[in-house]
Protein chains: 2
Amino acid sequence: MPDSVRVIPLGGVGEVGKNMLAVEYGNEILLLDCGLAFPEEDMLGVDLLIPDIQYLLKSRKRIVAYCISHGHEDHIGALPYILRDIDAPIYATPLTRGLIEVKLKEANLLQSARLRTYKDGDVVKIGKFTVEPFHVTHSIPDAVGLAITCPVGTIVYTGDFKFDPTPVDGKQANYGLIAQIGRRGVLTLLSDCVHVETKGHTPSEQVVGDTFRRVFAEAKGRIIIATFASLIARVQQIINVAAEYGRKVAVVGRSLESNVAMARELGYLDPKDGTLVPLHQLRKEDADRSVLIVTGSQGEPTSVLNRIANQDYRHVKIVPGDTVIISATPIPGNETAVSRIINNLFALGADVIYSAIDTVHVSGHASSEELRLMLNLVRPKYVVPVHGEMRHLVMYKRLAMSVGIPEDHILIPENGAIMEFSKEQARIVEVYPNNMVYVDGISVGDVDHVVLRDRKLLSRDGMVIVVVGIDRNDGSILAGPDIISRGFLYAGEDDNLLEEAKELVSNSIRHQEESPPPPEWSWAHRKIKDILGEFLYKRTGRRPMILPVVMEI
Amino acid sequence: MPDSVRVIPLGGVGEVGKNMLAVEYGNEILLLDCGLAFPEEDMLGVDLLIPDIQYLLKSRKRIVAYCISHGHEDHIGALPYILRDIDAPIYATPLTRGLIEVKLKEANLLQSARLRTYKDGDVVKIGKFTVEPFHVTHSIPDAVGLAITCPVGTIVYTGDFKFDPTPVDGKQANYGLIAQIGRRGVLTLLSDCVHVETKGHTPSEQVVGDTFRRVFAEAKGRIIIATFASLIARVQQIINVAAEYGRKVAVVGRSLESNVAMARELGYLDPKDGTLVPLHQLRKEDADRSVLIVTGSQGEPTSVLNRIANQDYRHVKIVPGDTVIISATPIPGNETAVSRIINNLFALGADVIYSAIDTVHVSGHASSEELRLMLNLVRPKYVVPVHGEMRHLVMYKRLAMSVGIPEDHILIPENGAIMEFSKEQARIVEVYPNNMVYVDGISVGDVDHVVLRDRKLLSRDGMVIVVVGIDRNDGSILAGPDIISRGFLYAGEDDNLLEEAKELVSNSIRHQEESPPPPEWSWAHRKIKDILGEFLYKRTGRRPMILPVVMEI
């Protein structure tokens, strides 16, 4: 019997998003979560990033299950891509399973997928593993952490969590079960750490409810609230407060509508006796009895909120007296887009309440004291921070040391790191290559830096194409040169520039006509690039990509 | 004698940056500041934005002076561009003048520029205007606000300010003079408003000094501090604390070095008896006696800090034990770049102190209580918020109403708005067209949406060029089709794709050969675009820009 268990992060360490871990004991592998990430700003045109599963492909047959912690994109979003390569049963809580089903249905994978339900308190045998989900609070209902026991010991995976003493659905984290698992003895804790920089305790969702109450009490007209499509708990809160103030609520936006419908169906959303109504019905209500919940809290261009702010949404026109609440904090990179929406809404006469001026959102992740509480309940021998950038991992290490975990019992992995835990020691055995895997259109593959570099070059100063037809026998110019540019020349800027450039190219090639024609025309490519590059830079201060096309005729 | 005075913002309202205002009385115009802005994320490849001075060009001769409030880029940065069109004397305080001189020298404009010095407490006659600079605290020394008096009344322009009771250089705002100007009676206050969303009082620069003291007391090795090149006060603070702890300080980075040299020369920086030393001398000191001040607090790619974090800076290599302080808050849009640097530094073994975990930076702008204090000292009849996005302008309006300014005495302008103030009323007479003016390479002009749209398209899915040579007589294909792509196909992706595309293009054109050749080949362009666009989308899910080049031979 092997005396060690291995844990390999395939995504989600050293970065935020695309969370996925493999737990390997003997010849069995259990996968924890399977999320996606949004590309960084410099990955121009890339749609999504997903975990690199290269490590798993050689041992596909040994994979016994996916165990999912909760239904956010960064924990389930890569399933439609990875399930094609790795088919295994998927365990999830009822709401999470519902969200996965929506996703797999869109990808035409629902028929073949093997979905299983587990819930807080269950004890599930999967191969040699025993998996025990325990309820945690997060910004989506039905989130669990997992205790995974194999003969070497128990590994506790927190998933995303915070300890909210007053959650919207009234279901606190299962402190008792977590403590009991801790008392039984835990080998390794894999802990969420992304909010470690914030000291103290993350405010309860209740605080947002208090803000809503204040705003609802004062608002004279319609109230429009933008939030994340997955924030079912926030939707419930809005419905609750609306019911108190005699307002009706409608949700608008495809993803929000389908999530809300699914959550209702599964009993995770209480529509409060007719408070939640369809949009067409809400429009019959007076403004001061109406609440709209819309998508677009991150400034997404096609979202309902953005279209409302741009006066481009037929069903909802802003009028003075409207109150708009943006119930989210802009994710880094989205600030400008969100700010633009706020400005436009103000310009249309709305009153706008947003994170900079009121508590309209709280994080779903544990702050320092909650992370310490988890450590103290679980009392693990070894600790590994997951779900965070390097800075979060390092900060978490310090935090774990502050509650008495010895420094050499804390591992800071990178994606692909094969961590081995035995009763005697914890160590990183080796690091399996782990690449950035993109989804761009329908292609999935390793991120290709040539493509991204070219897109970046093109985005800066555009491009100039030079086409010239050359006699394959004597090198004389038969056609062109023609010059076409895109994204390079501003209207009205130096009209003669391209004409002069043509002249220049003509002369530079013609000059060579006296010499015997070389066997191939790569010299002409080089020459056109150099001469034209220099000329255009001198005249415009810009360096477009220059693409010479020399056709031999 | 005219009974009204006009104020026209040419930049800096409804946006942050490129601050510039015109004050017009009778046939004289006074310009307040002349700043630049950095382009928004979707203005791909644009270097800078500057105020639109179209309004001024017809009345160039009437412009009597530029009056500058302080030396930050968003207040002086457009001078090298606009001075070429509008030549007028430039008034500035000594440090600000020094910074302008550095800038004009680089642009070869220093010889012809007419620079004048004014300072706190001066009373300067400029045409029919009397200009009185009053000292304010900000994140750069020698900042002033301006009281501009003409026969209609006094306009007070705050510039950028906060009320720091304990500034690093010990020079508080000139409360007395501001109050005195207020008691004389003020027609209009033009107030900074960008930090209005923050309640209370912006912390004093002193607080940052306290953080430095705490970090210096604990640091065992070298300390590296990144900050803005213009934050001379921060540099002074670091030198002060270093002197207390027996460390030497060197500055690295071109802009920082030249600003520090200039500030020293003008007496705005006290090097504390040999605490400030050149880099080569610092390198002889032990690590625990060294402090480096570097550029790159915003994650700028070519900055010293970024190069250090990428192990790409020969003179400074990070070793475990180094402490790095990033003494700035990331400006929206820069979070990812800054975060990447922090992660890299942690990975190299440094301890990193940054804004999310400690008070290493404070804003240079007034929070709500300071804005109220300014209103109460100046006691203006009319109020106009400037230097802010729409949301800041609206918030400021509410704040002004809270201290008793009637709603109809507060104007919210847009760039180009011609505001007219008389003893009886304040109103926006008309809005002169005001465009986004870009600087891209050496070109200056109105932002051209075609160019930006093309750059955006190119940045998403790259481009595909199809070149084909056609016989001008019978339409038969003489050369090609050749297909070249950039930023479109990932390595290893569908090798046959372009070959198939060539075939497709060939067939689609050849098909037409039977029909008599049309007089021109635009049909071929259209056809290639459509057929190829559809084919490539079906195969890749992406939509590159397709550029057909049909050469008649």
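Which residues does UniProt list for "active site" in chain A? Let's work through that and a few more exercises. The model is predicted, so local features need pLDDT of at least 70 and side-chain atom pairs count only at pLDDT 80 or more, while totals for chains, interfaces and linings use all residues. Residues are numbered from 1 along each chain as its sequence is written, chains are lettered from A and ligands numbered from 1 in the order written, and side-chain values use heavy atoms, without hydrogens and water.

**Exercise 1. Find the annotated "active site" residues and describe their surroundings.**

Step 1: the UniProt record, an unreviewed entry, lists A:Asp192 and A:His365. They span 174 residues in sequence, yet no two of their C-alpha atoms are more than 7.8 Å apart, so they gather at one spot. UniProt positions are given in the numbering used here, feature names are shortened, and annotations may be inferred rather than shown by experiment.

Step 2: place them. A:Asp192 sits in strand β12 (residues 186–192), whereas A:His365 is in the loop between β17 (351–353) and α12. Helices (H or I, at least four residues) and strands (E, at least two) are DSSP runs, numbered from the N terminus.

Step 3: check burial (buried is under 20% relative accessible area, exposed over 50%, partly exposed in between, with a 1.4 Å probe and protein chains only). A:Asp192 counts as buried because its relative accessibility is 1%. A:His365 is buried too, at 17%.

Step 4: look at the side chains. Those of A:His365 and A:Asp192 make a polar contact at 2.8 Å. That term means a pair of N or O atoms within 3.5 Å; within protein, one must be able to donate a hydrogen and the other to accept it, and residues adjacent in sequence count only if both atoms are side-chain atoms. The A:Asp192 side chain also reaches the backbone nitrogen of A:Phe161 at 3.3 Å.

Step 5: add the neighbours, leaving aside those within four places in sequence. Contact means heavy atoms within 4.5 Å. A:Asp192 has contacts including A:Asp160, A:Leu371 and A:Tyr396. For A:His365 they include A:His138, A:Asp160 and A:His195.

**Exercise 2. Work out where A:Thr96 sits and what its side chain pairs with.**

Step 1: A:Thr96 belongs to helix α4 (residues 94–106) of chain A. With 1% relative accessibility, A:Thr96 counts as buried.

Step 2: its side chain makes a polar contact with the side chain of A:Thr93, at 2.8 Å. Beyond four places in sequence, A:Thr96 touches A:Ile68, A:His70, A:Gly71, A:Ile76 and A:Asp142 by the contact cut-off.

**Exercise 3. Connect the "domain: Metallo-beta-lactamase" annotation to the chain as a whole.**

Step 1: according to UniProt (unreviewed entry), that annotation covers residues 17–212 of chain A. The end C-alpha atoms of this span lie 29 Å apart, and the span is 22% helix and 29% strand.

Step 2: zoom out. Chain A has 16 helices and 25 strands, and its C-alpha trace spans about 90 × 70 × 45 Å along the principal axes. Of its 553 residues, 59% count as buried.

Step 3: turn to sequence separation. Among chain A contacts with a separation of 6 or more, 72% come from residues 24 or more positions apart.
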